[in-house]
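Trainee: Mind if we walk through this one together? I'd like to practise reasoning from the coordinates.

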Amino acid sequence: MTAQTLVGAVTAIAAVVDGVSGIEAAPAIPKENLNNRTFALTYVMTSAVEISETGTKQHLVLIAIDLLRPLVNLNNELTILLPIVDAVSTALITEMTSGGDAFSNTIDTFSILRIEFLPSYTYSAVDCIGYRIMMEDTKLKLDL
């Protein structure tokens with residue numbers, strides 16, 4: 001078995017997010033300045049290695065996707081973002097069901113998909129608004 005890596009998982013998840021209609025940029029490695037109206041940042045928020053009694057080794061990772069827009073008009077930004085949140089959630093869940101390939105087999109599964117509102121987010125000196133989608137307990141098998 002080939003080890004599943006954090007880099008591989010983040011890259012594959014960012015690629016799925018980038019394919020969602022309405023997102024103009026979703027790079028696996030964020031740039032200093034993104035000149036897009038709607039963009040996503042995908043990153044590892046936390047990670048722990050679990051080693052079971054049977055010797056199974058895996059990362060338990062919280063991977064976050066921040067969907068952002070520069071804040072110009074609150075009502076307008078939320079009207080645009082909410083359908084994208086739905087679409088990203090559906091795309092992430094589909095990847096783990098019969099319709100997907102587990103993000104090109106870079107992860108085994110995740111247990112919770114949590115969404116939170118980001119009322120204030122400064123990215124590259126620009127005030128933004130958005131939502132954070134968190135893939136909790138994302139499991140990656142390790143070769144140690």
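**Cores, contacts and a surface patch**

Mentor: Sure, and keep in mind that this is a predicted model. Fire away.

Trainee: Is D66 buried or exposed?

Mentor: First, place the residue: D66 is in strand β2, which covers residues 57-70. Its relative accessible area is 0%. Buried means under 20%, so D66 is buried.

Trainee: Which side chain does D66 join through a polar contact of 2.9 Å, besides that of Y43?

Mentor: Look at what surrounds D66 beyond four places in sequence: F39, A40, L41, Y43, L118, Y121, Y131 and R132. The side chain of Y43 makes one polar contact with that of D66, at 2.9 Å. The other polar contact, also given as 2.9 Å, goes to the side chain of Y121.

Trainee: Which residues touch the most other members of the largest nonpolar core?

Mentor: That core has 26 residues, and α1 (6-18), β2, α2 (74-95) and β4 (126-141) each supply at least two of them. Setting aside residues up to four places away in sequence, V17 touches I23, A26, A40, I65, L67, V88 and L92. The residues that touch the most other core members are V17 and L67.

Trainee: How many residues are in the other core?

Mentor: This core lies apart from the 26-residue one. Its members include F39, L41, Y121 and C128. Y121 is also the partner of D66 in a side-chain polar contact. The count for this other core is nine residues.

Trainee: Which residue in the loop between β3 and β4 has a positive phi, near 65 degrees?

Mentor: Two residues other than glycine are worth comparing here. F103 has phi near 55 degrees, but F103 sits in helix α3, residues 102-105, and is buried at 2% relative accessibility. The loop residue has a relative accessible area of 74%, so it counts as exposed. With phi near 65 degrees, the residue in that loop is A125.

Trainee: What accessible area do L71, L74 and F117 have together?

Mentor: Start with F117, which belongs to strand β3, residues 112-123. Its relative accessibility is 37%, so F117 counts as partly exposed; patch members need over 30%. F117 joins L71 and L74 in a nonpolar patch on the surface. Together, their accessible area is about 260 Å².

Terms used. Residues are numbered from 1 along each chain as its sequence is written. This is a predicted model: local features need pLDDT of at least 70, side-chain atom pairs count only at pLDDT 80 or more; totals for chains, interfaces and linings use all residues. Side-chain values use heavy atoms; hydrogens and water are left out. Patches are made of residues with over 30% relative accessible area and no salt bridge: like charges are joined within 9 Å, nonpolar side chains (Val, Leu, Ile, Met, Phe, Trp, Tyr) within 5 Å. Accessible areas come from the Shrake-Rupley method with a 1.4 Å probe; for residues, only the protein chains shown count as cover. A salt bridge is a side-chain nitrogen of Lys or Arg within 4 Å of a carboxyl oxygen of Asp or Glu. Helices (H or I, at least four residues) and strands (E, at least two) are DSSP runs, numbered from the N terminus. Buried means under 20% relative accessible area, exposed over 50%, partly exposed in between (1.4 Å probe, protein chains only). A polar contact is a pair of N or O atoms within 3.5 Å; within protein, one must be able to donate a hydrogen and the other to accept it, and residues adjacent in sequence count only if both atoms are side-chain atoms. Contact means heavy atoms within 4.5 Å. A nonpolar core is a set of buried Ala, Val, Leu, Ile, Met, Phe, Trp, Tyr and Cys residues joined through side-chain atoms within 4.5 Å.
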